[in-house]
Amino acid sequence: MKLKFSALAAAALAVTMFATTAAEAAKIGVSMPTQSLQRWNQDGSNMKAMLEQSGHDVDLQYAGDNDIPTQVNQIENMIAAGNEVIVIAAIDGSALTEVLKGAKEKNIPVIAYDRLIMNSDAVSYYATFDNTKVGRLQGQYIVDALDLDNKTEPVNIEFFTGPTDDNNVNFFWGGAMSVLQPYLDSGKLKVPSGQTTKEQCATLNWNLEEAQKRMENIISSVGYGPEDTPLAAVLAQNDACANGVTNALLATGYDNTNMPIITGQDCDKPAVKNIVRGYQSMSVFKDTRTLAQQVVKMVDAIVNGQEVEVNDTTTYNNGTGVIPSYLCEPVAATKDNYKSLLIDSGYYKADEI
Ligand code: BGC
């Protein structure tokens, strides 16, 4: 009897621990941009699982492959279906103004997930990683790996950014340039393609093949190659771009003995494999479990009428005012620390890498 009681008590405690603050259950809409990139599948499934653990009823939708009209439609349906909070990772941060008027009218709080939704006063909160720091980590990695402070001869670099409709790109770029601009200004870093603005370096939909094509064009126009014009580094803003760049360089004859420094972001499995093989130098680890957890906390607090935890109330203005935000910490991942960051933490199993 006693045993039965303590088992029950333990079960009750476990439920309380899992359910954290969720006294109320609600219908929650979650709109994700695409299933074609690993991270959004993880973001979506982590969030669904955690929201369900909190007792909520979850309507998780993926907008085809980054299809803006599909995302607009899905959000419209979530509003009509009476979801009480809607979480959105926008494809195009500026394309949701009209549809979100419906959320505002019905007083449905909207949480912008990872990417800020612009020009809409329906956005209540924003949860993301410190996007400026992501860019700074990439820039600083290049400065350190090339030992730029002690270099006397200039070295060559190329840039691969994401699409201009993703607001994060501005912050990744700002962070990277806060570190790299002095070296570009002093002439220690040269960009032989001449493509130096984030618009010129943009990659439509963060698409791997687009990045690969642009790298192939740059290789042939500049004449980069292991025996030709030397390329010291490529700042790729995420792993899909890094992967496209890597493919193009491998096809030109580079290998893991002479590969330029290549940055990335997300710690996608193919990128981590490339890091282990010596093809990609680093990625930025953004633990999607942490972000999902933070958003679930936000949802629970909203549903229960409690104060929502934020840690940044100055950085992210979406055109209607500053959106109270929670920024999670990104971490640089390399061959030296990927095991502790990714395997020991249970993010990946060793045999997946
Ligand atoms: C995210 C990155 C991701 C990229 C492509 C960005 O907004 O912050 O983590 O790699 O979108 O999906």
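The residues of the shell around the ligand fall into three groups: four are nonpolar, three are polar and six are charged. Keep in mind that what you have on the screen is a predicted model.

Let me stay with that shell for a moment. There are 13 residues around the ligand, and those that come nearest are Arg39, Asp114, Arg115, Asp166 and Asp266.

Now the individual contacts. Which distance separates an oxygen atom of the ligand from an N or O atom in the side chain of Arg39? That distance is 2.7 Å. For the side chain of Asp114, an N or O atom is likewise 2.7 Å from an oxygen atom of the ligand. Trp206 also takes part, with an N or O atom of its side chain 3.4 Å from a ligand oxygen. As for cover, the ligand on its own has 310 Å² of accessible area, and the protein covers 98% of this.

Where is the ligand, then? The space it takes is the largest pocket. Two elements give two or more residues to the shell around the ligand: helix H2, residues 38-53, and helix H6, residues 168-186.

Next, Asp114, which I have already named as a ligand neighbour. In the chain, Asp114 sits in the loop that runs between strand S4 (110-113) and strand S5 (123-129). Is Asp114 buried or exposed? Asp114 counts as buried, because its relative accessibility is 2%, and the cut-off for buried is under 20%. Besides the ligand oxygen at 2.7 Å, the side chain of Asp114 has a protein partner: a polar contact of 3.0 Å joins it to the side chain of Asn168.

For contrast, here are two exposed residues. Gly319 is in the loop between helix H10 (288-303) and strand S11 (325-328). Why does Gly319 count as exposed? Its relative accessible area is 58%, and exposed means over 50%. Gly319 and Ile117 are 202 residues apart along the chain, yet their C-alpha atoms are separated by 9.5 Å.

The other is Lys349, found in the segment after helix H11 (338-343). Lys349 counts as exposed because its relative accessibility is 58%. Its C-alpha atom is separated by 9.9 Å from that of Lys339, and these two lysines are 10 residues apart along the chain.

To go back to the start: find the ligand in the largest pocket, then look for Arg39 and Asp114, each with a side-chain N or O atom 2.7 Å from a ligand oxygen. That is what I have for today.

Notes:
Residues are numbered from 1 along each chain as its sequence is written. This is a predicted model: local features need pLDDT of at least 70, side-chain atom pairs count only at pLDDT 80 or more; totals for chains, interfaces and linings use all residues. Side-chain values use heavy atoms; hydrogens and water are left out. A residue is near a molecule or strand if one of its heavy atoms lies within 4 Å of it. A polar contact is a pair of N or O atoms within 3.5 Å; within protein, one must be able to donate a hydrogen and the other to accept it, and residues adjacent in sequence count only if both atoms are side-chain atoms. Accessible areas come from the Shrake-Rupley method with a 1.4 Å probe; for residues, only the protein chains shown count as cover. On a 1 Å grid over the protein atoms alone, a cavity is a set of points where a 1.4 Å probe fits but cannot get out, and a pocket is an open set with protein on both sides within 12 Å along at least five of seven lines; lining residues have an atom within 4 Å of a point. A molecule sits in a cavity or pocket if more than half of its atoms lie within 2 Å of its grid points. Helices (H or I, at least four residues) and strands (E, at least two) are DSSP runs, numbered from the N terminus. Ala, Val, Leu, Ile, Met, Phe, Trp, Tyr, Cys and Pro count as nonpolar, Asp, Glu, Lys and Arg as charged, and the others, Gly among them, as polar. Buried means under 20% relative accessible area, exposed over 50%, partly exposed in between (1.4 Å probe, protein chains only).
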